[in-house]
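The following exercises concern empty space, burial, contacts and backbone geometry in one protein chain. Each task is followed by a solution in steps.

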Amino acid sequence: MTYTLSLDRRVRLADIESIAAAQGPGLALDGAVRERVDASRRTLEKFVADGRIIYGVTTSMGGFVDWLVPVSMARQLQENLLNAVATNVGERLDDVTVRAIMVSRIASLSRGNSAISLANLDKFIAVVNAGIVPCVPQKGSLGTSGDLGPLAAIALVCIGQWKARLGGEVLPGAEALRRAGIAPMELSFKEGLALINGTSGMVGLGSLNVQQARRLLQSYLLISALSVEALGGKTKPFDPRVHALKPHRGQREVADYLWQTLGDSQLAVDELDIEQLLADEIADTAKAGSQSIEDAYSIRCTPQILGPVLDSLGTIEQTVEDELNSSNDNPLVNPDEAEVFHNGHFHGQYVSMAMDHLVIAMTTLMNLSNRRVDRYLDKSNSNGLPPFLCREDPGLRLGLMGGQFMTASLTAETRAMAMPMSIQSLTTTADFQDIVSFGFVAARRAREVLDNVAHVVAFELLCACQAVDIRGTEGLSSATRVLYERTRELIPYLDHDITTTEYVEELAQRLLTHPGLG
């Protein structure tokens, strides 16, 4: 199976994830892309022949921008660039993430405005299709002037340097290429710069983040419905008639989802029944009623809390996808205009802010989940459930008490990570790169936040299923019953104390990769 890049087809974030997967489709370029890439290169070659002064072509780069370099030294200049900026450190990125970054860079280059030669773009694609995965250290990218460090580690392998994984074995880049039958790239003017001077690092990682966040939110809407049932919550606050009075799209969608999903539930409570019960209890003096007419915010305000998360994800996805489908390096050579443009398209502020917003959205979801966990475990707030969901041998057993230690810890840690990276600019390169985005750092952090949130949500799901078993599963809605049964395939009802770590970790992984645990 082959995924063909085309000028008239927008690359989707789901495409990046699919191609990046170990068994994903191969990459190819259609004829129009090939023609435009070649036209951009030929346009630049004409400019060189005309003696034009162009950044990274007849000048040095970065802090040496004011140095002129003859084109006879082009290959040495471009290779020096790659080696000089390949300074990232830390643990190596996993294979799927590296492949996502590579595919994102190829997608940008295939727009045909970067003046890379068609021969070298073909080799880049061949490296991806051969399963060669450069070793990319995680830390050190400014996210401005592109993700220079991560992309340079990839580009070095393409010219036969640095290190890569092939078939699970770490090899010198030259050996990995040799085994795959690929000749190393020979870089001419601008080509090293074209390979690294863009936002493709943060875009590749960000694409995977957005896809995981989508799945997690989709699952959490269903988990929310299950929690309404398990905590004996009321459904009337989700009635579409009241949400028609507040025109936020996400809020309306969440409310409608809960209203429809809980439509055939016998565990969720009809507010009119509670109203009648309380009406029968009212007397001549003030007294406490047997139940409350309203639920706590963590149940009743679910549409108002998850609605903004849903809306934010839509904006985040649009931003990252726009960046994915852009020409994001400098300079750009537009063959239609027959002109070269010195520009700042490499700046990652859009993606950096999008990843910060993703962190805020996911932390909001986590806050909601954390509060529900507390309600499950506190007998004074759970509408009749036993303390710590421990029905058998309470006191001798501790039930699910310990799980809240984990959820509280992860929630506190994640909140501390919600300080935006996109405002943390530090100047570098003799003040040439004087305001930077840290977009790759923001994307890395968003990935860690997603992992934390998934574990907290997994524990809420565990609590919900435990509570439903205590109340009786026969009243579940048809939709939440499917979720309950899929969860029970992974973890049993807990009538004795066991270590739940592996159960929570398995649930968390499923939530990030399979909506509704499907």
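**Exercise 1. State the volume of the largest cavity, and identify and classify the residues of its lining.**

Step 1. The largest cavity has a volume of about 60 Å³. On a 1 Å grid over the protein atoms alone, a cavity is a set of points where a 1.4 Å probe fits but cannot get out, whereas a pocket is an open set with protein on both sides within 12 Å along at least five of seven lines; lining residues have an atom within 4 Å of a point. Grid points are joined across faces, edges and corners, and a volume is the space filled by probe spheres set on the points.

Step 2. The model is predicted: local features need pLDDT of at least 70, side-chain atom pairs count only at pLDDT 80 or more, and totals for chains, interfaces and linings use all residues. Residues are numbered from 1 along each chain as its sequence is written, and side-chain values use heavy atoms, with hydrogens and water left out.

Step 3. The lining of the largest cavity consists of L5, S6, L7, R9, V11, V33, A107, S110, R111, L324 and N325.

Step 4. By class, this lining has six nonpolar, three polar and two charged residues. Here Ala, Val, Leu, Ile, Met, Phe, Trp, Tyr, Cys and Pro count as nonpolar, Asp, Glu, Lys and Arg as charged, and the others, Gly among them, as polar.

Step 5. The structure holds one cavity of 30 Å³ or more.

**Exercise 2. Describe the largest pocket by volume, lining and contributing elements.**

Step 1. The volume of the largest pocket is about 760 Å³.

Step 2. Its lining comprises 39 residues, and G62, L81, V85, L148 and Q433 lie nearest the centre.

Step 3. Two or more lining residues come from each of α3 (74–85), α6 (148–158) and α8 (191–196). Helices (H or I, at least four residues) and strands (E, at least two) are DSSP runs, numbered from the N terminus. The largest share, five residues, is that of α3.

Step 4. The lining divides into 17 nonpolar, 19 polar and three charged residues.

**Exercise 3. Determine which residues of α18 are buried, and why they can be said to line one face of the helix.**

Step 1. Helix α18 covers residues 478–488, and its buried residues are T480, L483, Y484, T487 and R488. Buried means under 20% relative accessible area, exposed over 50%, and partly exposed in between (1.4 Å probe, protein chains only).

Step 2. Viewed down the axis of α18, these residues fall within an arc of 135°, so they line one face of the helix. The arc is that of the directions from the helix axis to the C-beta atoms.

Step 3. The cover over the buried residues of α18 includes α9 (200–230), α11 (249–261), α17 (439–471) and α19 (501–513).

**Exercise 4. Trace the surroundings of N328 and S326.**

Step 1. N328 is found in the loop between α14 (302–324) and β8 (332–334). S326 lies in the loop between α14 and β8 as well.

Step 2. N328 counts as buried because its relative accessibility is 1%; S326 is buried at 17%.

Step 3. A polar contact is a pair of N or O atoms within 3.5 Å; within protein, one must be able to donate a hydrogen and the other to accept it, and residues adjacent in sequence count only if both atoms are side-chain atoms. The side chain of N328 makes such a contact with the side chain of R105 at 2.9 Å, and another, of 3.0 Å, joins the side chains of S326 and N328. The backbone oxygen of E323 lies 3.5 Å from a polar atom of the N328 side chain.

Step 4. Contact means heavy atoms within 4.5 Å. Not counting residues up to four places away in sequence, N328 touches R105, S108, N197, G198, T199, S200, E323, H345 and F346, and S326 touches S108 and R111.

**Exercise 5. Locate the cis peptide bond between N330 and P331 and the positive phi values of N383 and L389.**

Step 1. Most residues other than glycine have a negative phi, and most peptide bonds are trans.

Step 2. The bond that joins N330 and P331 is cis, with omega about -5°; P331 is placed in the loop between α14 and β8.

Step 3. N383, although not a glycine, has a positive phi of about 55°, and it lies in the loop between α15 (349–377) and α16 (401–416). L389, also not a glycine, has a positive phi of about 55° and is placed in the loop between α15 and α16.

Step 4. N383 is partly exposed at 46% relative accessibility, whereas L389 is buried at 1%.
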